[in-house]
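Trainee: Please take a close look with me at the charged side chains, and place each of them within the fold as you go. I would like the cut-offs behind every term to be stated once.

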Amino acid sequence: MNMAWKKHAALLLCMLLLIQTLFAGCASLPAASPQEEQAADVPETILWFNATHAVLTELNGWDYNLFGGMEATEENRETMIPFLDEWWGVTDRDSAIENMDWLLSEGHRTEFSEFMQELEADGWTEYSEEDIAAMMGELLEDEALGKSLAHCFMQYQAYGPTSIDGWDYSRALSLLGWYYIAGFYTESEALDKALEISKELQGKFSSWDEFIESYMRGYEYWAEESADPRRELYQQLKQRSDSPYRVAWDLALEKSWE
């Protein structure tokens with residue numbers, strides 16, 4: 001066997017080993033999960049809408065890759081209608097529109113801002129959070145509520161009158177999906193309104209973290225309890241392979257539906 005033939009044989013062997021290695025590496029890649037495959041079929045703009053309330057969608061046990069959190073089936077419609085009645089007092093298209101108008105024009109943010117401005121005008125800024133909690137607790141005869149309001153007042157001083165805006169807008173966007181599932185809005189109506197609200201949101205906040213934290217502050221004002229469990233869930237969602245927050249906050253939101 002001459003030297004040239006040996007070199008040629010060695011080269012062929014190296015090439016075969018390289019091909020086997022490459023194929024083995026491809027075979028070892030994990031298959032996409034059903035959730036990832038499903039998300040791949042959803043336009044990014046709709047995924048952006050879904051991300052604004054993905055924490056709540058996950059808490060409800062629904063799918064944050066789907067507009068409305070579930071497929072628009074008759075069975076799910078029958079589930080959603082009593083859900084909206086119980087939590088929102090929405091029973092038909094008229095009450096759905098009325099509720100949406102309230103959220104977008106007032107919501108909890110107006111009440112929050114007015115109350116906090118009254119406290120500010122009355123000189124409560126001179127006191128520490130602990131002092132405010134004690135005084136509020138005594139005035140309201142509710143220690144837990146006193147602590148909650150004191151915490152909210154500190155948040156107001158730090159972030160201003162728009163401190164909890166994310167709370168109302170997140171809920172409005174979640175409701176639009178639910179209205180669609182319940183049959184109170186058509187899909188196009190719900191998506192068109194979601195696009196309008198979402199473009200406004202991008203001008204109010206600079207990132208998912210900023211928006212979600214505003215939502216959390218609003219939750220604390222409404223629920224009178226810490227939002228830390230929800231904050232932890234948000235961090236968990238950010239780490240998932242199909243994370244709803246993989247879509248950029250500053251995505252160019254575009255209409256892709258009829």
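**Charged side chains in their setting**

Mentor: Glu196 and Lys193 lie three residues apart in helix H11 (residues 187–204), so about one helical turn separates them; here helices (H or I, at least four residues) and strands (E, at least two) are DSSP runs, numbered from the N terminus. Salt bridges that share partners also join Glu213, Glu220, Asp228 and Arg231 into one network, where a salt bridge means a side-chain nitrogen of Lys or Arg within 4 Å of a carboxyl oxygen of Asp or Glu. This is a predicted model, in which local features need pLDDT of at least 70 and side-chain atom pairs count only at pLDDT 80 or more, while totals for chains, interfaces and linings use all residues. Residues are numbered from 1 along each chain as its sequence is written, and side-chain values use heavy atoms, with hydrogens and water left out.

To return to the first pair, Glu196 forms a salt bridge with Lys193, and their closest N and O atoms are 3.3 Å apart. Glu196 counts as partly exposed because its relative accessibility is 48%, and Lys193 counts as partly exposed because its value is 25%; buried means under 20% relative accessible area, exposed over 50%, and partly exposed in between, with a 1.4 Å probe and protein chains only.

The setting for these pairs is a protein chain with 13 helices and zero strands, and buried residues make up 43% of its 258 residues. The count of salt bridges comes to twelve. Side chains of opposite charge can pair when their charged atoms come close.

Another pair within one helix is Glu74 and Arg77, whose side chains meet in a salt bridge of 2.9 Å, N to O. Both of these residues belong to helix H5 (residues 74–88), where they are three residues apart, about one turn of the helix. Glu74 is partly exposed because its relative accessible area is 44%, and Arg77 is partly exposed because its relative accessible area is 30%.

A pair that links distant parts of the chain deserves its own description. The side chains of Asp168 and Arg109 meet in a salt bridge of 3.0 Å, N to O. Asp168 sits in helix H10 (residues 165–182) and Arg109 in helix H7, so that the pair links distant parts of the chain, 59 residues apart. Both Asp168 and Arg109 are buried.

Arg230, in helix H13 (residues 228–239), has another arrangement. Arg230 is buried yet has no salt bridge, and the nearest side chain of opposite charge, that of Glu225, is 6.0 Å away; for this purpose Lys and Arg count as positive and Asp and Glu as negative, while His and the chain ends are not counted. The side chain of Arg230 does have a polar contact of 2.6 Å with that of Tyr215, a polar contact being a pair of N or O atoms within 3.5 Å, of which, within protein, one must be able to donate a hydrogen and the other to accept it, and for which residues adjacent in sequence count only if both atoms are side-chain atoms.

On the surface, Glu106, Glu111, Glu114, Glu118 and Asp122 gather in a patch of negative charge. Patches are made of residues with over 30% relative accessible area and no salt bridge, like charges being joined within 9 Å and nonpolar side chains (Val, Leu, Ile, Met, Phe, Trp, Tyr) within 5 Å; the place of a charge is taken as NZ of Lys, CZ of Arg, CG of Asp or CD of Glu. The accessible areas come from the Shrake-Rupley method with a 1.4 Å probe, and for residues only the protein chains shown count as cover. Among the members of the patch, Glu106 lies in the loop between helix H6 (93–105) and helix H7 (107–121), and Glu106 counts as partly exposed because its relative accessibility is 40%.

Two further glutamates call for a look at the backbone. Most residues other than glycine have a negative phi, and most peptide bonds are trans. Glu141 has a positive phi near 55 degrees, and this residue lies in the loop between helix H8 (129–140) and helix H9 (143–159). Glu141 is exposed because its relative accessible area is 75%. Glu224, found in the loop between helix H12 (208–223) and H13, also has a positive phi, near 60 degrees. With a relative accessible area of 43%, Glu224 is partly exposed.
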